[in-house]
Amino acid sequence: MTRSTETQPPSPHAADRHGVVRVHGARVNNLKDIHVEIPKRRLTVFTGVSGSGKSSLVFSTIAAESQRMINETYSAFVQGFMPTLARPEVDVLEGLTTAIIVDQERMGGDPRSTVGTATDANAMLRIVFSRLGQPHIGSPQAFSFNVASISGAGAVTLERGGKTVKERRSFNITGGMCPHCEGRGKVSDIDLTQLYDDSKSLAEGAFTIPGWKSDSFWTVRVYAESGFVDPHKPIRKYTKQEMQDFLYREPTKVKIEGVNLTYEGLIPKIQKSFLSKDREALQPHIRAFVDRAVAFSDCPECGGTRLSEAARSSKINGISIADACAMQISDLAEWVRGVEEPSVAPLLGALLHTLDSFVEIGLGYLSLDRPSGTLSGGEAQRVKMVRHLGSSLTDVTYVFDEPTSGLHPHDIQRMNDLLLRLRDKGNTVLVVEHEPETIAIADHVVDLGPGAGTAGGTVCFEGTVEGLRAGGTLTGRHFDDRAALKEALRKPTGMLEVRGAKSHNLRDVDVDIPLGVLVVVTGVAGSGKSSLLHGSVAGQDGVVSIDQGAIRGSRRSNPATYTGLLEPIRKAFAKENGVKPALFSANSEGACPNCKGAGVIYTDLAMMAGVATTCEECEGKRFQASVLEYHLGGRDISEVLAMSVAEAEEFFGDGEARLPAAHAILRRLDDVGLGYLRLGQPLTTLSGGERQRLKLATRLAEKGGVYILDEPTTGLHLADVEQLLGLLDRLVDSGKSVIVIEHHQAVMAHADWIIDLGPGAGHDGGRIVFEGTPADLVAARSTLTGEHLAAYVGP
């Protein structure tokens, strides 16, 4: 007898059965109880129109829960120092792995934060100079512009052998901070005429500083009632001593109405209040005040390098640390390769890896001394990617938010290669993206929609890219859209002359920008586009510049408050009902006394996530019950704030609630594709694309003949780009001149005139490589942009 040698295949190991991330019943923001299964160790792209729920699913549900569970593994003491995260509204979340989030949040918030300090490249460079620099000046601290030089001496009391002994001790810290500018690289000259009107007394309201109210303890009254100056005397008549005390007095304790306060001269007070913060982090009206009142210039002692004379004197092969930080990163990498010293070889290797990662990711044109607050959203995200490129971690979930933002078509392939390399190491890569070139490389696609806001929040498609193309969803239908070159071009009505532009990497550029047409300025990231327009054109009379700066606001801010829409609405309610406008503000007299107008009660639970419960008194409406008895057009103020932009446009457009001032703002919001937003929706719940368009709609109200738009397609779905082009056309047809910095080929093809900068980035760019019509650029194919645009529009 023969025995069968056939054996059953071994059953899969229990540990190998967890191949997906299961999300069941997700209800965060606008998600409508959705179910989705995401394969692990694959590249999954999430698509859908702006506001459809992509970020709510990826960032606010999957990544947030992963981070929360990791934080819970730490002790309660450590958790007290970490951000507290609430559990997302979801029934089941299984198969999660450690999430590393690489988002587009701007970096910085501190004027001393640079590309080098944000990526640890400066830390490694400081150690290299402390070991090899000649003359030797001290430890790595001696090369840090964040450490001041300090020395001191005194007596210390010790318990030794049962006796109390006094000993003299001295200490000395050598830091690298420039003592004149305190490591900022800039010094400020304050224009006193912008701070106060010297013909008035303090009692008459002399201060012209934003937010300084006459009844405020902390600002105006501390000056008026300090006893150092006469509050009833015009400032111009102050004695020499009064002027010294008013402007420059050192911090001094004073008592006002029984309250102990600190009096400080006006100049140091302004420097601490406004100038110690990153300009980009300031609110728009505060930033405008700072721009008006303060002139910044390079520090005369350190030449803008932020470093002390001693730190600049120590050199390696004739190069100081200030010289190294000012180099373009691609050049710095070559210099580091030339430093051969076995004693610091491991450190040089790590530094070189970081610098090469910058070059690999397309940021070789930056320098380490570039302030991190000046980076665009796309640049900031790629700087955050640098620390993950050489990571040996596997089975990690990487979460990216539109990683191709701000990238020229030429650079998108390089970004795709990086995403695939992270996946091939065995990681799960989740990408929120609109670019078809990146969607095309996905292993798995999740398409959310079908619309935005309340019209979104459902899964329209889940599967392969081929399935998406054939699926019939909005993304699938527009996936292969290709804009044709515009046949009828507008004729310029004039020229805007730029002569000798030298900002950043520009090389004495002369260019004539046509007016009365749609002009697109393009070129690879770092070629000098923003330097040309923001450095030489923005700031002129009649020019409205809409940059990529993030809009800021608390959970009390909403589209109605941000756009100024609430002002005419409050006045209309007040006039109709014969009461004060302040009653119709949830941040003022009309606020519910129980929740202070927030609509919810927040309970702080220390290191645990705080709990927010709907206010029982106002039921989340934010207003006092008596305020809700007043009506306009049959609606109370809470019902108006619950309307969508489209509903409100109709409501205020005609009938008894007709309000032209409000209608004009609402029409602009609808024009940029935000008709679905609720007027009272907190700004903190808006997506990046929605915030960009909200800012665009607000700035379009400004009076000006020339509009500069900086990458307005950021965060826009393929279907929304068409609506944006229609808006740009309407602007130009109404007599405006529109200049757009853009990488999107559909916008290039739609232009009347193209200005292409390059040919490369950093010191390889800064020149005009093409001026002409899109058709001429395609025909010539003489630049990188020309080649990609030709491939896009096809034969």
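**A cavity and a sheet, in conversation**

Visitor: How much space lies in the largest cavity?

Guide: Keep in mind that this is a predicted model. The structure holds 4 cavities of 30 Å³ or more. For the largest cavity, the space comes to about 260 Å³.

Visitor: Which residues that line the largest cavity are the closest to its centre?

Guide: The lining of this cavity has 22 residues. By class, that's 6 nonpolar, 6 charged and 10 polar. Closest to the centre are Thr404, Ser405, Glu435, Thr713 and His744.

Visitor: Which helices each supply at least two residues of that lining?

Guide: One of them also packs on a sheet, touching E3, E14 and E15. That helix spans residues 409-424, and the other one covers 718-733. The pair you're after is H14 and H25.

Visitor: In the sheet, which strands stand at the edges?

Guide: The sheet is open, with 6 strands in mixed pairing, and the order runs E5-E14-E15-E3-E16-E17. On average, neighbouring strands are turned by 15 degrees against each other, direction ignored. Each edge strand has a single partner strand, so one side is left without a neighbour in the sheet; these are E5 (99-102) and E17 (458-463).

Visitor: What is the bridge partner of Phe46 in E16?

Guide: Strands of a sheet can pair either parallel or antiparallel. Here E3 (residues 43-47) and E16 (residues 444-449) go the parallel way, over 4 bridges. Phe46 has as its bridge partner Val446.

Visitor: What angle does the direction of helix H1 make with that of E5?

Guide: H1 takes in residues 54-71 and packs on the sheet. Its contacts are E3, E5, E14, E15 and E16. With the direction of E5, the direction of H1 makes about 135 degrees.

Definitions and conventions:
Residues are numbered from 1 along each chain as its sequence is written. This is a predicted model: local features need pLDDT of at least 70, side-chain atom pairs count only at pLDDT 80 or more; totals for chains, interfaces and linings use all residues. Side-chain values use heavy atoms; hydrogens and water are left out. Two strands pair if DSSP finds at least two bridges between them. Axes are lines fitted to C-alpha atoms, for helices over the stretch in contact, and angles run from 0 to 180 degrees between N-to-C directions. Contact means heavy atoms within 4.5 Å. On a 1 Å grid over the protein atoms alone, a cavity is a set of points where a 1.4 Å probe fits but cannot get out, and a pocket is an open set with protein on both sides within 12 Å along at least five of seven lines; lining residues have an atom within 4 Å of a point. Grid points are joined across faces, edges and corners, and a volume is the space filled by probe spheres set on the points. Ala, Val, Leu, Ile, Met, Phe, Trp, Tyr, Cys and Pro count as nonpolar, Asp, Glu, Lys and Arg as charged, and the others, Gly among them, as polar.
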